[in-house]
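Trainee: Hey, I've just been handed this one and I'm new to it. Can you walk me through it?
Mentor: Sure, let's pull it up.

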Amino acid sequence: MNKILTTLLCLVLLPLLANDTQIPVNEKTGLAEYVNVVKVGGATAAQMHDRAKKWIHGFFANPYKVITSEDTLAHEIEGKGRFRMSVTDKKGNVSPAGFVAFKFTLMFKEGRYRYHFHRIRWEQPSYFDVSRWEKTDDPKYQAEMYPKYVEQTVNYFNNMLDGLEEAVATPEE
């Protein structure tokens, strides 16, 4: 009876405790990217464009350097951003681990918009796509560091995209 109960608890609890941090990868290119089409009922392309621009100005520290081009007639915003990575050693000391940079495109149409975050890379002397952090068969794989980098990157994008989706879906008062 104890074995059955233990097995059932494991089957129920393990999926809940599993760490779902994985960087989405484009099947064709093999590079990291976040792409989605989000439906927003009752909103025009211009309204969503304005909401997204307002969100960019609130989310990024220097929004004027983030937006690289904007087409108010086609309702598109292109930009680039980056965020700081850090690593915590065994003693609890936090050290910088460089930056993750990315590019993005936001395209708005009546009732929906599409975001595409791509060229997500760890800033290094040569191009280093963040999806390489998950390739455990790579001879240069660092088992102590790379899972932490993946977790930070996924958390950053999840928080950022949740904020974007909420901002674009929320009508102005």
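Trainee: Which way do strands E2 and E3 pair?
Mentor: Antiparallel, over four bridges. E2 covers residues 67-71 and E3 covers residues 76-88. Keep in mind that this is a predicted model.

Trainee: Okay, and what stands opposite Ile-67?
Mentor: That's Gly-79 in E3.

Trainee: How many residues sit between the strands in that hairpin of E2 and E3?
Mentor: Four, and His-75 there takes a positive phi near 60°.

Trainee: Got it. Moving along, how many bridges does E3 have with E4?
Mentor: Twelve, again in the antiparallel sense, with E4 spanning residues 94-109. For one pair to look at, find Glu-76 and its bridge partner Met-107 in E4.

Trainee: What about the turn in the E3 and E4 hairpin, which residue has a positive phi?
Mentor: Gly-92, at about 95°. This hairpin has five residues between its strands.

Trainee: And after E4? How many bridges join it to E5?
Mentor: Nine, and E4 and E5 run antiparallel. One of the pairs is Lys-103 in E4 with His-118 in E5. Their hairpin has two residues between the strands, and Gly-111 takes a positive phi near 80°.

Trainee: Where does E1 go, then? Which strand is it joined to?
Mentor: E1, residues 34-39, is joined to E5, residues 112-122, by six bridges. Those two run antiparallel as well. To find the spot, look for Val-37, which stands opposite Arg-114 in E5.

Trainee: So E5 pairs with E4 and also with E1. If I follow a strand along, where do the side chains point?
Mentor: In a regular strand they alternate between the two faces of the sheet.

Trainee: Nice. Let's zoom out: how many helices and strands are there in the chain?
Mentor: Four helices and five strands. From the N terminus, the order is α-β-α-α-β-β-β-β-α. You can see two helices in a row after the opening strand, then four strands in a row, and a helix at the end.

Trainee: What share of the residues is buried?
Mentor: 34% of the 173 residues in the protein chain.

Trainee: And the surface, how much accessible area is that?
Mentor: About 11,300 Å², with 53% of it belonging to carbon and sulfur atoms.

Trainee: Last one. Of the contacts between residues at least 6 apart in sequence, what share joins residues at least 24 apart?
Mentor: That share is 56%.

Methods: Residues numbered from 1 in each chain as written. Predicted model: local features only at pLDDT ≥ 70, side-chain atom pairs only at ≥ 80, totals over all residues. Heavy atoms only, no water. Buried < 20%, exposed > 50% of the residue type's maximum accessible area, 1.4 Å probe, protein only. Contact = heavy atoms within 4.5 Å. Areas by Shrake-Rupley, 256 points an atom, 1.4 Å probe, with all protein chains shown as cover. Pairing = 2+ DSSP bridges.
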